[in-house]
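Okay, thanks for coming, everyone. I'll put the structure up and walk you through a couple of packing details.

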Amino acid sequence: MISKFEILKEIIDVGIVAVVRAKDEDEAQKISQACINGGVNAVEITFTVPNADKVITLLRKKFNVNELMVGAGTVLDSETARIAILAGAQFIVSPSFDIDTSKLCNRYQIPYIAGCMTMTEIVKALEAGVDIIKLFPGSAFGPSIIKEIKGPFPYVPLMPTGGISLDNVKEWIKNGCVAVGVGGKLTGAAKDGNYEKITVIAREFVKKIREAKNEI
């Protein structure tokens, strides 16, 4: 069994989590395979996906831990988090911070990535043991906000989601983010069944993130 710290290290090392909003299990599986082919080995199955828990279980059975880490996204409460963990989710992602979800994840040693927008939310999340702060929506701020947050909180691990693209991902990383979450800008081609395009875009994201880290 892969540990909480190993999961967090993998996410930070690659620097990107693919946000998967698929129409069904088959599409989620194809998107995940395309991401793996492009070097992105962490996916977040959102609970807006029909039967999201079954999708998580399917992916955990199909791919081993060295191939893919499967998380649950759009988790709004501890009840949903527990369902996701029982289904096999290896990390939990929320668009907002929820204290009960944080307690649950800490109890079972599952990484919790919680959405925050303000300094007050960030402090409360850190105090509750959140592992990574999901700055959300990133599109409301832009990469420059990272340096402002890092002023008083140089130690806070940040993963912006929303508004991350190939054009600005390097700036997000160079400003101090440990990783980014990317949805439609990475997986959008699934709507047309073009999974090869997802692989190409995934490779480009991984390349730019690696370049940004090397330039820091």
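**Helix 2 against helix 10**

So, let's start where two helices touch: on the helix 2 side we have Glu-27, Lys-30, Ile-31, Ala-34, Cys-35 and Asn-37, and they meet Tyr-195, Ile-198, Thr-199, Ala-202 and Arg-203 of helix 10. Split that contact by residue class and you get six nonpolar, two polar and three charged. Keep in mind that this is a predicted model.

Now the geometry. For a packed pair of helices, the usual description is the angle between the axes plus the distance between them. Here helix 2 covers residues 25-37 and helix 10 covers residues 195-215, and their axes come within 7 Å, crossing at roughly 40°. Parallel, perpendicular or oblique, then? Angles under 35 degrees would count as roughly parallel and 65 to 115 as roughly perpendicular, so helix 2 and helix 10 are oblique to each other. And the crossing of helix 2 past helix 10 is right-handed.

Okay, over to the sheet. It's an open one, seven strands with parallel pairing, and the order reads 6-5-4-3-2-1-7. Which strands stand at the edges? Those are strand 6 (132-135) and strand 7 (180-182); each has a single partner strand, so one side of each has no neighbour in the sheet. On average, neighbouring strands in this sheet are turned by 25° against each other, ignoring direction.

One pairing to zoom in on: strand 4, residues 91-94, runs parallel with strand 5, residues 112-116, over three bridges. If you want a spot to click on, take Ser-94, whose bridge partner in strand 5 is Ala-114.

Methods:
Residues numbered from 1 in each chain as written. Predicted model: local features only at pLDDT ≥ 70, side-chain atom pairs only at ≥ 80, totals over all residues. Heavy atoms only, no water. Pairing = 2+ DSSP bridges. Helix = DSSP H or I, 4+ residues; strand = E, 2+ residues; numbered from the N terminus. Axes fitted to C-alpha atoms, helices over the stretch in contact; angles between N-to-C directions. Parallel < 35°, antiparallel > 145°, perpendicular 65-115°, else oblique. Left-handed = near helix turned anticlockwise from the far one by under 90°. Contact = heavy atoms within 4.5 Å. Nonpolar A, V, L, I, M, F, W, Y, C, P; charged D, E, K, R; others polar.
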